[in-house]
Amino acid sequence: TSKAASKHICQQILDKSLVKQYVGLCHGIVKPGVGAFSAPLALSSADRPLGACSTEGREAVTRFRVLGYFRSQRGSFSLVQVQIDHGRQHQIRLHMSALGHPIVADGRYNPSKAKEDAAISPRLFLHACYLRCTLPSAAAPKEPEVFALACHLPPDLKDALITELEFERDMSADLPAEARQLCECLLAPDQEARRSAPSGRRSQLCKEDLEELHVSRLALRRRDDFLQRFGFNSAERAEVIRILQKLPSSKDRSSALQQFRVF
């Protein structure tokens, strides 16, 4: 029943066996690239309507790893993968703010940057990307079924990374290979069209997706190399990125950059 399933999920939360992961964009350069932060969190109240880190609060642990570093004329940013052990109210937002790396477009816990962040992301840049738990099985009650769900970044958040920010490839090279691969996956073209296509066309679409992914990555590498080689300042970099985004496809952007003999 739904009641039994709810009780089963709640028990996993108490046992800390339910895995919840998020992807968020933070202000600043988060270093080291892997870490954990523990600070008790107080519940919202009349005195603390938004919650707060407090020694009188409940235990809360946030684990994180950096997937990639980005920059723009507005500053530096870190794309992080976050896993929480408890799931307190606004836990990730409060903990990252306490670390000095608030989430982009978080008007509650970083109001001083609200106007600047609105130019980067249309909303809070925090997305639930992965869930793993077990569900009761009617066929074998003593052997619950493992359930896992993963999803890509929403189009508006992905667009913020690609169009408003520049990927710091050299700085990100020091991150673990697994983290960098996940970052590239998040930046890759959406595969939804391939999944929903009729089975007879999937192999063709898969090939097209791989070609598009290759062209997209090539365009990004050429753009980053071009910007670095010619030593543009922040304003000039932003203008170059804006001009490139006016071209209709990654192939067109890559071809345009090739005219400057970037490689």
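**Backbone quirks, a paired strand system and a small cavity**

Alanine 105 sits in the loop between H2 and helix H3 (114-118). Its phi is positive, at about 70 degrees, although this residue is not a glycine. The model is a predicted one, and the angles here are computed from its atoms. Most residues other than glycine have a negative phi, and most peptide bonds are trans. Histidine 90 joins alanine 105 on the list of departures: phi of histidine 90 is near 60 degrees, again a positive value in a residue other than glycine. This histidine belongs to the loop between E6 and H2. The peptide bond between lysine 31 and proline 32 is cis, with omega at about 0 degrees. Proline 32 is part of the loop that runs between E1 and strand E2 (34-38).

Stepping back to the chain as a whole, the secondary structure comes to ten helices and nine strands. Of the 263 residues in the protein chain, 39% are buried. Long-range contacts are well represented: taking contacts between residues at least 6 apart in sequence, 65% join residues at least 24 apart.

What encloses strand E6, and which strands pair with it? Seven of the ten residues of E6 (residues 75-84) are buried, so this strand is largely enclosed by the rest of the structure. Strand E5 (residues 61-72) pairs with E6 in the antiparallel sense, over ten bridges. Serine 76 in E6 is the bridge partner of arginine 71. E5 and E6 form a hairpin, with two residues between the strands. E1 also pairs with E6 in the antiparallel sense, this time over seven bridges. Here glycine 24 has valine 80 of E6 as its bridge partner. In a regular strand the side chains alternate between the two faces of the sheet.

Valine 19 lies in strand E1 (residues 19-27). With a relative accessibility of 9%, valine 19 counts as buried because it falls under the 20% cut-off. Leaving aside neighbours within four places in sequence, the contacts of valine 19 are Gln83, Tyr130, Leu131 and Arg132. Tyrosine 130 is a good example of a partner brought in from elsewhere along the chain: valine 19 and tyrosine 130 are 111 residues apart in sequence, yet 7.7 Å apart in space, C-alpha to C-alpha.

Histidine 127 belongs to strand E7 (residues 126-135). This histidine has a relative accessibility of 14% and therefore also counts as buried. Setting aside residues within four places in sequence, histidine 127 is in contact with Gln21, Tyr22 and Val23 on one stretch of the chain, and with Cys151, His152, Leu153, Pro154 and Leu157 on another.

Which residues does helix H2 hold in a buried setting? Glutamine 91 is one of them. Its place is in helix H2 (residues 91-98). Glutamine 91 has a relative accessible area of 2%, so it is buried. Not counting residues up to four places away in sequence, glutamine 91 touches Leu41, Ala60, Val61, Thr62, Ile84, Asp85 and His86.

Three of these names, Ile84, Asp85 and His86, come up again in the lining of a cavity. How many cavities of 30 Å³ or more does a search of the whole structure find? The search finds two. The second largest has a volume of about 30 Å³. Besides Ile84, Asp85 and His86, its lining takes in Gln12, Ile13, Lys16, Leu18 and Lys20. By class, the lining has three nonpolar, two polar and three charged residues.

Finally, the cysteines. A disulfide is a covalent bond between the sulfur atoms of two cysteines. How many disulfides does the model contain? The count comes to zero. Cysteine 26 is buried, with a relative accessible area of 0%. Cysteine 133 has a relative accessibility of 5%, so it counts as buried as well.

Technical notes: Residues numbered from 1 in each chain as written. Predicted model: local features only at pLDDT ≥ 70, side-chain atom pairs only at ≥ 80, totals over all residues. Heavy atoms only, no water. 1 Å grid on protein atoms, 1.4 Å probe; cavity = no way out; pocket = protein on both sides within 12 Å on 5 of 7 lines; lining within 4 Å. Points joined across faces, edges and corners; volume = space filled by probe spheres on them. Nonpolar A, V, L, I, M, F, W, Y, C, P; charged D, E, K, R; others polar. Helix = DSSP H or I, 4+ residues; strand = E, 2+ residues; numbered from the N terminus. Buried < 20%, exposed > 50% of the residue type's maximum accessible area, 1.4 Å probe, protein only. Contact = heavy atoms within 4.5 Å. Pairing = 2+ DSSP bridges. Disulfide = S-S within 2.5 Å.
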